[in-house]
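Here is a short report on how two protein chains and two DNA strands sit together. Start with the view below.

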Protein chains: 2
Amino acid sequence: MSRKKTARSEDFPAPDPEQPVNLKSLAEFLGLAPATISLVMNRSPASRSIPKRTKDRILAEAKRLNYRPNFLARSLRHQRSFTIGVVVPEVSEGYAAMVMSGIEDDLLREGYFYFVVSHRHRADLIEEYPKILLERAVEGIIAVDTPCERALPVPIVSVSGHREVEGVTNIVLDHSLAARLALQHLFQLGHRKIAFIKGQAFSSDTESRWRAIHEAAGELGLCVNPKLTARLEGDSSSPALGYEVTKQLLNAGDDFTALFAFNDVSAIGAMRAIRDAGRTIPGDISVVGFDDIQSAAFQSPGLTTVRQPLRRMGEIAAQTLLQRIDQSKNGRPPKSITVEPELIIRESTAAASR
Amino acid sequence: MSRKKTARSEDFPAPDPEQPVNLKSLAEFLGLAPATISLVMNRSPASRSIPKRTKDRILAEAKRLNYRPNFLARSLRHQRSFTIGVVVPEVSEGYAAMVMSGIEDDLLREGYFYFVVSHRHRADLIEEYPKILLERAVEGIIAVDTPCERALPVPIVSVSGHREVEGVTNIVLDHSLAARLALQHLFQLGHRKIAFIKGQAFSSDTESRWRAIHEAAGELGLCVNPKLTARLEGDSSSPALGYEVTKQLLNAGDDFTALFAFNDVSAIGAMRAIRDAGRTIPGDISVVGFDDIQSAAFQSPGLTTVRQPLRRMGEIAAQTLLQRIDQSKNGRPPKSITVEPELIIRESTAAASR
DNA sequence: ACCCTTTAGTAAATCGATTCTCTTCCCGTT
DNA sequence: AACGGGAAGAGAATCGATTTACTAAAGGGT
């Protein structure tokens, strides 16, 4: 029992240089049982009876040998992976990147890590990735601008999700307010003939945003002219899409003094198209975007836009998910959390000329 | 032995609805030993002796009950996590997002997932994160624009890393070519008085890019005027930084007809500053950026810039890392891999007026 | 009838840590 | 002298899958 105790640290200063120390080797080295060390290292109440001398010896030696408990073993034992999955359409798209940036902070602070997967709007991947993440033992999933149809055995938080699905908490923008902010702004500037660019069908926000626009227009006594309405086509995230539809709008004949685009990227394309057609912004046509991506502020003229608090939405998503993981099954989770948009007025909007 | 075999699938269609099936329960259900099932499921050569009838029965039942081997248990056994870590300065920065987007494809195809952590240039986090990732049992690390000082027990690939560190493979841009492309372009347009915006000290590219500029200038017989040289300060990634230093350059008195910025973000700020000073682009001053972020093409005038193949760099990083993981220790890994930049000429550059 | 080879699997160790249940040993009481 | 009880720590089961070594029965050849 005491023969091993003579193996003091000074005798074997550097142990096996190859293999990282594990509990067993540390135990052998200390002449103690793995169980004892585990209890002490985890400050378990059961280590009450271990004298401070021994505790200190264990702690000191663990630190000296740089012992790190094997995460996988621990996870297996506790049935907890401290990992969540984040599903996005495309990492490099700005929208998703911004949300992810908000997600990270809270997660890491609580000791969680996250896997990222991007599906690029491929239906099979949208279906498959959540399952693969589950196999990877994630404890929850955050879906960004990605439809989740089926209930899963882990909590899900969907950023910009609109469908009501069992087990899914939606983080949504107040689209009514967003539409009102934008249209009121244009209305007050005297705009009555307003063109619209709708989003692609796959974007979760498209429908509710469009409904909100109709409502807000109704409240203001504006009419939404179908001839002044275009829809983005194609899944690229380049302003070229906005450029194309705006050219069509301009050529279609019906006059307009303002354009409300589905997002900033298409608004930027629209601005080009408008200028290419020989019109000025905001002199001839005012333009309002949506999202407030970084490029919006970098345009000239600076793009007036409805800001979505994307980073904040990421933070809320992470917090909500962690809460739900913590008290799993404890009470019904909130169905949805609404965040408020903000109108950022820059130089792309001005009083209507006609 | 055969009493269990009578438990045909039709008798118990839906097993325990709560608990996910594990190997043991599946084995019990089939009246076989876990070992047998494992061998068959993994198509191990040792399953040679199992008759096809039994194999089919196992496979069918596994599928019906939706059995998925527990990833953690498997990882523990094999000492493989199929996970790598990606360290970036900031997820939402475009540069990192683009590289990540390239990383993802190859990784997922090979069954790997990745953790993302962002350090926001905090020295303690840069030091700490790789260690935490190691605790999480990652099999390799990709560092994007992040210095890695010390050798780690796993392969590391550094995108835009320049230091030679044991165990680190650098993916670097050919900065000499980049500088030559930009300066030759400006030179051919007749520019002789060129201003420069250097990068922040923390950016890994700053030094080598600056050396390359000196070299290229030398080759062309241009001189780099210290009075026409500014350096970005502060770690925000807003064009405001570029705006500030450009204002100083313009006020400093020394005349210039072209500006070569450290990156597109600062170039965009610079363009604003130039216009605010009453000069035109490219009439009075030509501007060249670096990176070719999405916003570069969206500017007006469109920003001429040196494109880094960021997505490609991500792909190469992932491929290289996977190779190194695969044949660990097998031969010395490449010290560095160079990729080539491309000059994207848009409207922000034109012939020098004076 | 005996031995050898397949066939059809199974038992048990292992990966590394956790945790509940036991032993001892020793000290102080009655 | 016997007993209770706390101190100090050891043992063993467990998480779920993998894998090597082994067994038991059946078939085939001489």
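By class, the surface near DNA strand D holds 15 nonpolar, 9 polar and 4 charged residues. The model is predicted. In it, 28 residues surround DNA strand D. The closest are Ala33(A), Leu23(B), Ala35(B), Asn70(B) and Ala73(B). Two or more residues each come from α2 and α4 of chain A, and from α1 (23–30), α2 and α4 of chain B. The most comes from α2(B), with 5 residues.

Now DNA strand C. This strand is surrounded by 28 residues. Leu23(A), Ala35(A), Asn70(A), Ala73(A) and Ala33(B) are the closest of them. In chain A, α1 (23–30), α2 (34–41) and α4 (71–78) each supply at least two residues of this surface. In chain B, α2 (34–41) and α4 (71–78) each do so too. The largest share, 5 residues, belongs to α2(A).

The table sets out the residue classes for the two DNA surfaces and for one side of the protein contact.

| Surface | Nonpolar | Polar | Charged |
|---|---|---|---|
| Near DNA strand C | 15 residues | 9 residues | 4 residues |
| Near DNA strand D | 15 residues | 9 residues | 4 residues |
| Side of chain B that touches chain A | 18 residues | 8 residues | 5 residues |

What does each chain give to the protein contact? Chain A gives 31 residues, and chain B gives 31 residues. On the chain B side, α4, α5 (95–109), β2 (113–118) and α11 (294–298) each supply at least two residues. The chain B helix α4 thus appears in three places: near DNA strand C, near DNA strand D and on the side that touches chain A.

Conventions: Residues numbered from 1 in each chain as written. Chains lettered and ligands numbered in written order. Predicted model: local features only at pLDDT ≥ 70, side-chain atom pairs only at ≥ 80, totals over all residues. Near = placed C-beta within 6 Å. Helix = DSSP H or I, 4+ residues; strand = E, 2+ residues; numbered from the N terminus. Nonpolar A, V, L, I, M, F, W, Y, C, P; charged D, E, K, R; others polar. Contact = placed C-beta atoms within 7 Å.
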